[in-house]
Structure formats: structure tokens, C-alpha cells
Amino acid sequence: MKKKVFNFNSDLKKGINFYNEFGFCIFKNIVSKKEINNINKEIKSIVQNQAKKHLREKVKKKIKSTDESLIKLSKKNDQLRSRIYNVIQDLPSVKRLSLNKNFLKIAKMLGISIPLIKTSQVRMDMPKEKKFLIPPHQEIKNIRSSNMIFFNTALKKITNNMGTINISPKSFNLGPIIPKANNKSNYQYIDKKLYFKKYPLNYFELNKGETLLLNKLTIHGSRKNITKYKIRWSTIIRYEDAKKMPFLDLNDTYKQFDLKG
Ligand SMILES: [Fe+2]
């Protein structure tokens, strides 16, 4: 499948139609350059501050990018990376992104009448890192609403070798599937036999600022970042619908989709 990008400012309706047919859509101009740059700037200041304290002068001199600093910190002690990861989630710019009115406009158009912010998160996928790779799955773990959408925005350009997201167009037509779990992966996944032939996986490079909108039932997963010094940076914003939420009526059947991860 060829990549199609819809401009939020001029092709919104077309994009929504595409989403309704395929269960995903790639938009540009939902998030402004200023918002993206602010997030990047705030992340950079934390990483640089930590690199100053923890990396040796000789190493620091050779470093060419924030990504490289973070990779070096992680090699020194992976806790230095994971704690940075934890705190960047609390950056004002990341919290603010979930209030972006364009996201909320799309949520309304897709029938989310009482939107709740389920997640406002930065993802950083390190090179050659396997433990956070999520095999193809539906976004139904811990989701209390039957109507949930999420937005994955590239903070920097995401090329194929950085491990773009795998998507299975139209796979939402299968409805919610009880996932599987094993010892090989830290995450639950969907049995390949159930979708692969009919709904093969596709992946698309994302330019900086492009946003992938996904249906909670569209099967998707992460591919491995095989670069040496490039981190795949993206944000994930999820909205649930308080109007369609059996959880509020004391119905906890959503838990059957929650096995692992
Ligand atoms: Fe996911």
C-alpha cells in the first residue's frame, strides 16, 4: 500500500473518510511545528544536562547529537536512560499536546462525544533495543471505552531503518480479539493466523510532525530500530469516550483483553 498523507487544514474530511475505510490515516499539520520543536527542546535540555554530569570529557567531545548523548548514557547505565524516559513524560509540552484542539476536533468527528485523555506520552525507541518492541496487537489493553482513538506523531523524521510502525489496514473489521501471551515477548499479541493473510502488515515512513491516527481495533506493532545512533522519537495521545464506557456502569468485561504488557 502506498503512503497517503492528508493535510489537516485542507483534506480533513477526506482523511476521515480514509480512516473510516482503513482504520488508520496519516495527517500532516495537526500538530504545529512550534509544538513539536518545544517538545524536542525540552527533551534536549534534560538529556544535555544529564550528559554533562555523567559522561566523560573525552566522550562528550565526540558526541554529535542528543540521540548520541542518550545512547551513551544508556550504555553507561541503562537506569540513566530509563529515568530520563520517566521524567520526560511530565514535561509541560507533552502534557499540553493532549489538549491540542485539532486532536479534539478529530475525536469529536469520530463520535467521541465526551473525550477523556487516556495517555499523553513520549515514546523513544532506541537502536537495537528489543525489549520494548511490541508485536502486532490491538490497542485494547486497559481501555475502558469501546470508542478509543490514538495519535502517534513523529517528533523527528522516522525512516524505515528506524523501525516504523506496522499497520494492518482494515483489520479493525475483525472486531476485538482476545490476545495471546508467551514468555518470548514482554507484551501480549494477536495470533498471526487470525489476520495475516487477509490483512497483511504495511509500514510507512513518517516525516517530522506527521501524525498517524489509529482505531483501537486496527492491528499494529513496532518494527526494530536498526540504526546505530538514531532514536525513534514520537508522541502517543489516546482519547477514550466517557459516553461509551461500560466501565462506568460497573461492567468490567474490558479486562478480558488484558493479559500482559
Ligand atoms: Fe499499540
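In the predicted model, helix 2 crosses helix 4 in a left-handed sense. The two helices pack with axes 9 Å apart and at an angle of about 50°, which makes helix 2 oblique to helix 4. On the side of helix 2, the contact is formed by Lys44, Val47, Gln48, Gln50, Ala51 and His54. The residues of helix 4 that take part are Thr66, Ser69, Leu70, Leu73 and Lys76. By class, the contact of helix 2 with helix 4 comprises 4 nonpolar, 5 polar and 2 charged residues.

Helix 4 covers residues 66-76, and its buried residues are Asp67, Ser69, Leu70, Ile71, Lys72 and Leu73. These buried residues pack against helix 2 (33-54), helix 3 (57-62) and helix 5 (78-88). The axes of helix 4 and helix 5 come within 4 Å and cross at roughly 125°; helix 4 and helix 5 are therefore oblique to each other. In this contact, Leu70, Leu73, Ser74 and Lys76 of helix 4 meet Asp78, Leu80, Arg81 and Ile84 of helix 5. The contact of helix 4 with helix 5 is made up of 4 nonpolar, 1 polar and 3 charged residues. Leu70, Leu73 and Lys76 of helix 4 are listed both in the contact with helix 2 and in the contact with helix 5.

Helix 2 also packs against helix 5. Their axes come within 11 Å and cross at roughly 150°. With angles over 145 degrees counted as roughly antiparallel, helix 2 and helix 5 are therefore roughly antiparallel to each other. The crossing of helix 2 and helix 5 is right-handed. The contact of helix 2 with helix 5 contains 7 nonpolar and 2 polar residues, and no charged residues. Helix 2 contributes Ile43, Ile46, Val47, Gln50 and His54, which meet Leu80, Ile84, Val87 and Ile88 in helix 5. Val47, Gln50 and His54 of helix 2 take part in the contact with helix 4 as well as in the contact with helix 5. On the side of helix 5, Leu80 and Ile84 meet residues of helix 2 and also residues of helix 4.

Apart from the helices, 6 strands form an open sheet of mixed pairing, in the order 1-2-7-4-9-3. Strand 1 (5-7) and strand 3 (115-125) are at the edges; each has a single partner strand, so one side of each is left without a neighbour in the sheet. Neighbouring strands of this sheet are turned against each other by 25° on average, direction ignored. Strand 1 pairs with strand 2 in the parallel sense over 3 bridges, and Asn7 stands opposite Lys28 in strand 2.

Strand 2 (residues 24-28) in turn pairs with strand 7 in the antiparallel sense, over 4 bridges. Cys25 has Leu213 of strand 7 as its bridge partner. Strand 7 is also joined to strand 4 by 5 bridges, and these two strands run antiparallel. Phe150 is opposite Leu214 in strand 7. Strand 7 (residues 211-215) is mostly covered, with 5 of its 5 residues buried. Thr211, Leu213 and Asn215 point one way from the strand, whereas Leu212 and Leu214 point the other way; all are buried. Leu213, the bridge partner of Cys25, and Leu214, opposite Phe150, thus point opposite ways from strand 7.

A further open sheet has 3 strands in the order 6-5-8, with antiparallel pairing. Its edge strands are strand 6 (202-203) and strand 8 (220-222), each of which pairs on one side only. Strand 5 (residues 165-167) is joined to strand 6 by 2 bridges, and the two run antiparallel. The bridge partner of Asn166 in strand 6 is Tyr203.

Thr164 is located in the loop between strand 4 (149-154) and strand 5. Thr164 is buried, with 21 other C-beta atoms within 10 Å, where 20 or more are required for a residue to count as buried. Residues up to four places away in sequence not counted, Thr164 touches Ile158, Tyr203, Phe204, Glu205, Leu206 and Arg223. Among them, Tyr203 is also the bridge partner of Asn166. The C-alpha atoms of Thr164 and Lys4 are separated by 15 Å, with the two residues 160 residues apart along the chain.

How values were computed
Residues numbered from 1 in each chain as written. Predicted model: local features only at pLDDT ≥ 70, side-chain atom pairs only at ≥ 80, totals over all residues. Pairing = 2+ DSSP bridges. Buried ≥ 20, exposed ≤ 12 C-beta atoms within 10 Å, placed from the backbone. Contact = placed C-beta atoms within 7 Å. Axes fitted to C-alpha atoms, helices over the stretch in contact; angles between N-to-C directions. Parallel < 35°, antiparallel > 145°, perpendicular 65-115°, else oblique. Left-handed = near helix turned anticlockwise from the far one by under 90°. Nonpolar A, V, L, I, M, F, W, Y, C, P; charged D, E, K, R; others polar.
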